[in-house]
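Reader: Could you take one part of this chain and walk me through it slowly? I'd like to know what sits on its surface and what its side chains are up to, and then how that part fits with the rest.

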Amino acid sequence: MITATLHLMAPTHTEARLLRLAETLTAWVARRVARRAERHARVLDRLRQQQTPTQDPQSLTRALAQLDIPRF
């Protein structure tokens with residue numbers, strides 16, 4: 001009786017394969033989510049760089065010249 005109970009507690013071959021399949025799918029989805037998050041972060045960084053105004057090195061000189069203030 002105990003032997004029969006222990007035998008029934010072990011997963012069947014089909015159940016073991018399904019568990020392996022579930023683990024594989026879970027790992028695949030986790031990798032896909034991580035890749036998507038990395039890609040999303042790269043796109044946001046690129047967008048942030050594009051939207052950040054670049055500073056013109058001559059802008060201060062021009063602004064001072066318009067106010068007739070010499071630059072030292």
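**A close look at helix 2**

Author: Let's start with Val-33, which lies in helix 2. Before going further, keep in mind that this is a predicted model. Is Val-33 buried or exposed? Val-33 counts as exposed, because its relative accessible area is 52% and the cut-off for that label is anything over 50%.

Val-33 isn't on its own out there. Together with Leu-18, Leu-21, Leu-25, Trp-28 and Val-29, it makes a nonpolar surface patch of about 570 Å². To put that next to the whole chain, the accessible surface comes to about 7300 Å² in total, and carbon and sulfur atoms account for 62% of it.

Now for the charges. Which residues form the positive surface patch? They are Arg-31, Arg-32, Arg-35, Arg-36, Arg-39, Arg-42 and Arg-46. Pick out Arg-35 as an example: it belongs to helix 2, which covers residues 13–51. Arg-35 has a relative accessibility of 44%, so it is called partly exposed. That label covers the range between the buried cut-off of 20% and the exposed cut-off of 50%.

Further along you get to Asp-45 and Arg-48, and these two are joined by a salt bridge. Their closest N and O atoms are 3.0 Å apart. Why are they about one helical turn from each other? Because they sit three residues apart in helix 2. Both ends of the pair are partly exposed: Arg-48 gets that label because its relative accessibility is 48%, and Asp-45 gets it because its value is 39%. If you go looking through the whole structure for salt bridges, one is what you find.

Arg-48 has another partner, this time through its backbone. The side chain of Thr-52 reaches the backbone oxygen of Arg-48 at 2.6 Å. Where is Thr-52? It's in the loop that runs between helix 2 and helix 3, the latter being residues 59–66. Thr-52 is partly exposed too, since its relative accessibility is 44%.

That loop takes us on to the rest of the chain. After helix 3 comes a segment that includes Asp-68. What is the phi of Asp-68? It's near 55°, which is positive, and the residue isn't a glycine. As background, most residues other than glycine have a negative phi. Asp-68 is also exposed, because its relative accessible area is 68%.

Arg-71 is found in the segment after helix 3 as well. With a relative accessible area of 49%, Arg-71 is classed as partly exposed. Arg-71 and Leu-60 are eleven residues apart in sequence, while their C-alpha atoms are 8.7 Å apart in space.

Stepping back, how many helices and strands does the chain have? Three helices and zero strands, so reading from the N terminus the elements simply go α-α-α. Across the 72 residues, just 1% count as buried, a label that needs a relative accessible area under 20%.

So here's the picture of helix 2 to take back to the bench. Val-33 and its partners make up the nonpolar patch, and Arg-35 is one of the residues in the positive patch. Arg-48 pairs with Asp-45 in the salt bridge, and the backbone oxygen of Arg-48 is reached by the side chain of Thr-52.

Definitions and conventions
Residues are numbered from 1 along each chain as its sequence is written. This is a predicted model: local features need pLDDT of at least 70, side-chain atom pairs count only at pLDDT 80 or more; totals for chains, interfaces and linings use all residues. Side-chain values use heavy atoms; hydrogens and water are left out. Patches are made of residues with over 30% relative accessible area and no salt bridge: like charges are joined within 9 Å, nonpolar side chains (Val, Leu, Ile, Met, Phe, Trp, Tyr) within 5 Å. Accessible areas come from the Shrake-Rupley method with a 1.4 Å probe; for residues, only the protein chains shown count as cover. A salt bridge is a side-chain nitrogen of Lys or Arg within 4 Å of a carboxyl oxygen of Asp or Glu. Lys and Arg count as positive and Asp and Glu as negative; His and the chain ends are not counted. The place of a charge is taken as NZ of Lys, CZ of Arg, CG of Asp or CD of Glu. Helices (H or I, at least four residues) and strands (E, at least two) are DSSP runs, numbered from the N terminus. Buried means under 20% relative accessible area, exposed over 50%, partly exposed in between (1.4 Å probe, protein chains only). A polar contact is a pair of N or O atoms within 3.5 Å; within protein, one must be able to donate a hydrogen and the other to accept it, and residues adjacent in sequence count only if both atoms are side-chain atoms.
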